[in-house]
Amino acid sequence: MLSNNHNNSPPTPRTRLERLLRERELRRSNRSSLNEEAHSLGEFNSYDLFSFSGDSCGSFNEEDILEGVSVVKDIIDGFQRLEGRTSKQRLLVVANRLPVSAVRKGKETWHLEISVGGLVSALLGLKEFEARWIGWAGVNVPDEVGQRALEKALAEKKCIPVFLDEEIVHQYYNGYCNNILWPLFHYLGLPQEDRLATTRSFQSQFDAYKKANKMFADVVNKHYEEGDVVWCHDYHLMFLPKCLKEHNRKMKVGWFLHTPFPSSEIHRTLPSRSELLRAVLAADLVGFHTYDYARHFVSACTRILGLEGTPEGVEDQGKLTRIAAFPIGIDSDRFIRALKLPQVQDHIKELQERFAGRKVMLGVDRLDMIKGIPQKILAFEKFLEENPKWRDKVVLLQIAVPTRTDVPEYQKLTSQVHEIVGRINGRFGTLTAVPIHHLDRSLDFPALCALYAVTDVALVTSLRDGMNLVSYEFVACQASKKGVLILSEFAGAAQSLGAGAVLVNPWNITEVAASIGYALNMEADERERRHLHNFMHVTTHTSQEWAATFVSELNDTVVEAQIRTRQIPPLLPINEAANSYSRSHNRLVILGFNATLTEAVDALGRRCGQIRDMDLKVHPDVREPLKKLCDDRNTTVVVLSGSDRSVLDENFGQYNMWLAAENGMFLRPTKGEWMTTMPENLHMDWVESVKHVFEYFTERTPRSHFELRETSLVWNYKYADVEFGRLQARDLLQHLWTGPISNASVDVVQGSRSVEVRAVGVTKGSAIDRILGEIVRDKGINKPIDYVLCVGHFLAKDEDVYTFFEPDLPSEVPQTVPNPLPPPKMPNNGAPPPKSARLKKQRSLSIIERRANSHGSAVFWRPVVQDRLSLHEGSSVLDLKGDNYFSCAVGRKRSNARYLLVSSNDVVKLVKELSECLESSVS
Ligand SMILES: O=P(O)(O)OC[C@H]1O[C@H](O[C@H]2O[C@H](CO)[C@@H](O)[C@H](O)[C@H]2O)[C@H](O)[C@@H](O)[C@@H]1O
Ligand SMILES: O=c1ccn([C@@H]2O[C@H](COP(=O)(O)OP(=O)(O)O)[C@@H](O)[C@H]2O)c(=O)[nH]1
């Protein structure tokens, strides 16, 4: 029994992982207590009976499958009290199909049958939640009376119907879901035959799909209560997360895909590819059966939508959608217990007598082209062909449950399978026995369990399958027989049961035939070993565990998102910045160049391979207002950029401003000469060797390029394939650390799509005191600067420029301002020695006046540190308080700046506003 004694409770978990592990542990102990208690109370039979009883169609009436027995409730309530929750969390499970299908028996009477399919089987494991199901009951109910009666009947099963009319079902379910998405997600491509007709009907089917999703959303919204978790399921409802979030941003929404998610190369053939991805990304958490499916989804988002893929998920404009793998399982106990039921035992006996003297092979599938039924039967034929001695010693029982019978492809498949089975039975059958028993219908639960139990070899040959629960169920029922599982490597289950199963490529009939021989002849000890492995997995990775983990992660994800949102700086209040600008008398405006004053890199251009122009150009709309700012005698404008001098000369030569090139290493007023601000940092002996490495990677990474500047080298892959670019970047770094820069005075700065090697100690923040000093000296400034605006799309390392002006920070030289960012990660191998000692030396040098000779011009440098930034009377140059300093990062989500702007288009707006302030003050 669980105890409520808080003194004994384990320490509060600190991380998500710790919490998940603890919850898992608690669930396990909870479940074993539950088993013990239930058995001691003798109550489990009622649950068993309820779950398994019913007529031959699998119908049920006696108990509420979704509620479980009272003992379950008591213990789970105890568990939740222990966790500090007072009541069960309500879960709205939304799936196309309800766990029950309705059959109309009269005007107001309905008969409910359990629906067949892996999704339903798996979700029956959601006993630990106060669950409500929302879905389609598989039937058209045009009349009001029938609808009300069905609602009432379903309410007793905690189910809520979505009423879809025939036309919608035809276009949405048969059309878009089962004729387009289903084959595509299973690598069967878009419909090939009658392509024109399909292409023509595509749009109307997609419209129906969106409409149907909206209808599901309306029902969810109607029943939603604050705090509920909404769990959307499968490819039928990819639009649902978007519809729900549009209605209520605070709703906790998860989406889980039960099918594979194909390679992005397949997904990109779909005309509505982007809309679907974006709609799913509205969810807080997106789950898949396997890591591969999750990886493909992230790839599709990065390649097709041009979004940022992170180890956590996919990020779009600061919103993170978590993507993860949650392999489904089954309620294994339910199968194990079922084997002891008299009804099942009777079936077992019957089957054993019926097939005495023959090995039993079993296939259980919906009659779907993804299940590879023709391939399976052909492989069995080949086996019989090559092994005459087995012909009267083995039988294949194939249960082929009719499914989606309104879709022409499925109708064709049925005739095809019948034709092959007939031919083989004709070829190898005798007057008294046939090698293949083919059933075109479903079995009830006891019959299915009995079949699993008597089977010697189960044959799962899916061409693709999200998971395949039949393989799990077979394993759960084989505790005594320890039969062999032949399993397609293209089923998700191959990743979990691969070690115990005999894996096959179902397209390779010869291999499958050979595997049948291998499995039939396998020695007992090998069978036992393999079985044990799989049995352990199936009994520990249950559907309860799966659901609880998903919901728990969803809860966590939402909390984390709230915390993250709080940490994101707010958007720059442009009006406020402008008002403060007009109130001030001596202003300093520092602007970055790349992605601040240039036109935004068009994500579409990047995706579709259209590189417009690699050369940086000032945004055409900012030119005029920028000129006005520069011409204002109370405003000093500095463009502070990583670009080299020639680029700044070319773009800003005609403005009256200051140019700080190469992160501030070089400085000039546009009316004067270039000078070098930090000559002591100009140790450039490493350039040639780094250049070789950059050249090598540029040649091997299509659409990447590198820039050779005077104090830095930048390898940029923003136009290249993102994933490949990242891999190459990792490799490039390894090469650098272990080779050319292992002993050089350089800093390596990683951007989101670039790698930069620059002279050590050069950052925008470290340059700014000198820039400022020079400006003060040059302009003969004698009144304090009472307004600073610092806007840029700066790399993390250069964000020290924002903190330099922070009035709240102690007035120190910028190099000694503690860097709030974590130090760059270094690979374990060949990491360069710490540079702190070297840096110290250089920093002390930095306050010594020096003569620099670079770029052919000798300039006498007068360094200044912020401490010494004082006016004639000794007062400070900077008169900054909370309301006259605006630092702002452009196109970043995490920053040390006080504010954010989304893109350079917003910078244009800002500069325009400032220039308008000048106009109005003149007039
Ligand atoms: O509802 P239907 O159209 O009749 O189809 C039945 C279900 O088929 C699919 O099941 C998948 O889910 C299983 C559990 O996650 C998984 O093991 C299997 O590999 C999948 O094929 C479909 O995804 C469901 O939505 C259908 O209800
Ligand atoms: O006659 C049958 C045949 C199959 N099933 C169930 O249908 C599900 C099939 O799930 P699977 O994941 O293997 O494939 P899906 O049909 O969902 O693609 C399993 O839980 C089976 O127990 C059933 O209830 N009755």
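**Entry 1: ligand 1**

A polar contact is a pair of N or O atoms within 3.5 Å. I note at the start that this is a predicted model. With the cut-off in hand I turned to ligand 1, and I looked up aspartate 465 before the other residues. An N or O atom in the side chain of aspartate 465 lies 2.6 Å from an oxygen atom of ligand 1. That distance is within 3.5 Å, so I put the pair down as a polar contact.

I then looked up histidine 258. Its side chain has an N or O atom 2.5 Å from an oxygen atom of ligand 1. Glycine 466 takes part through its backbone: a polar backbone atom there is 3.1 Å from an oxygen atom of the ligand.

How many residues surround ligand 1? I found 20, and the closest are Arg97, Tyr173, Asp234, His258 and Asp465.

**Entry 2: cavities**

I searched the model for enclosed spaces. There are four cavities of 30 Å³ or more. The largest cavity has a volume of about 60 Å³.

I listed the lining of the largest cavity next. Its residues include Phe474, Val475, Gly483, Val484 and Leu485. Gly500 and Ala501 also line the cavity, as do Arg527, Arg530, His531 and Asn534.

Which element gives the largest share of this lining? I found that α20 does, with four residues. Three elements each supply at least two lining residues: α17 (469–476), β16 (484–488) and α20 (524–540). By kind, I sorted the lining of the largest cavity into five nonpolar, four polar and two charged residues.

**Entry 3: cysteines**

I looked for disulfides and counted zero. Cysteine 177 is in no disulfide, and the nearest cysteine sulfur, that of cysteine 243, is 13 Å away. Cysteine 177 counts as buried because its relative accessibility is 0%.

Cysteine 888 is in no disulfide either; the nearest cysteine sulfur belongs to cysteine 790, at 9.2 Å. Is cysteine 888 buried or exposed? I have it as buried, since its relative accessible area is 0%.

**Entry 4: positive phi**

I looked at backbone angles. Most residues other than glycine have a negative phi. I wrote down two residues with a positive value.

Tyrosine 187 has a phi near 65° and is not a glycine. I located tyrosine 187 in the loop between α6 (166–185) and α7 (195–223). Its relative accessible area is 26%, so I class tyrosine 187 as partly exposed.

Asparagine 663 has a positive phi of about 60°. Where is asparagine 663 found? I traced asparagine 663 to the loop between β20 (658–661) and β21 (666–669). At 2% relative accessibility, asparagine 663 counts as buried.

**Entry 5: glutamate 774**

I looked up glutamate 774 and found it in helix α28, which covers residues 764–779. Glutamate 774 is buried, because its relative accessible area is 2%. What does the side chain of glutamate 774 make a polar contact with? I found the side chain of arginine 777 as its partner, at 2.4 Å.

**Entry 6: distances along the chain and in space**

I checked three pairs of residues, C-alpha to C-alpha.

I began with arginine 322, which sits in strand β11 (residues 319–325). Arginine 322 counts as buried, since its relative accessibility is 6%. Leucine 554 is 232 residues from arginine 322 along the chain, and their C-alpha atoms are separated by 8.9 Å.

I took glycine 175 next, and placed this residue in helix α6. Its relative accessibility is 4%, so glycine 175 counts as buried. How far apart in space are glycine 175 and valine 504? I have 32 Å for them, with their positions 329 residues apart in sequence.

The last pair starts from leucine 736 in helix α27 (residues 722–738). Leucine 736 counts as buried, because its relative accessibility is 0%. From leucine 736 to threonine 635 I have 43 Å in space, and the two residues are 101 residues apart in sequence.

Key: Residues numbered from 1 in each chain as written. Chains lettered and ligands numbered in written order. Predicted model: local features only at pLDDT ≥ 70, side-chain atom pairs only at ≥ 80, totals over all residues. Heavy atoms only, no water. 1 Å grid on protein atoms, 1.4 Å probe; cavity = no way out; pocket = protein on both sides within 12 Å on 5 of 7 lines; lining within 4 Å. Points joined across faces, edges and corners; volume = space filled by probe spheres on them. Nonpolar A, V, L, I, M, F, W, Y, C, P; charged D, E, K, R; others polar. Disulfide = S-S within 2.5 Å. Buried < 20%, exposed > 50% of the residue type's maximum accessible area, 1.4 Å probe, protein only. Polar contact = N/O pair within 3.5 Å; in protein donor to acceptor, adjacent residues only side chain to side chain. Near = heavy atom within 4 Å.
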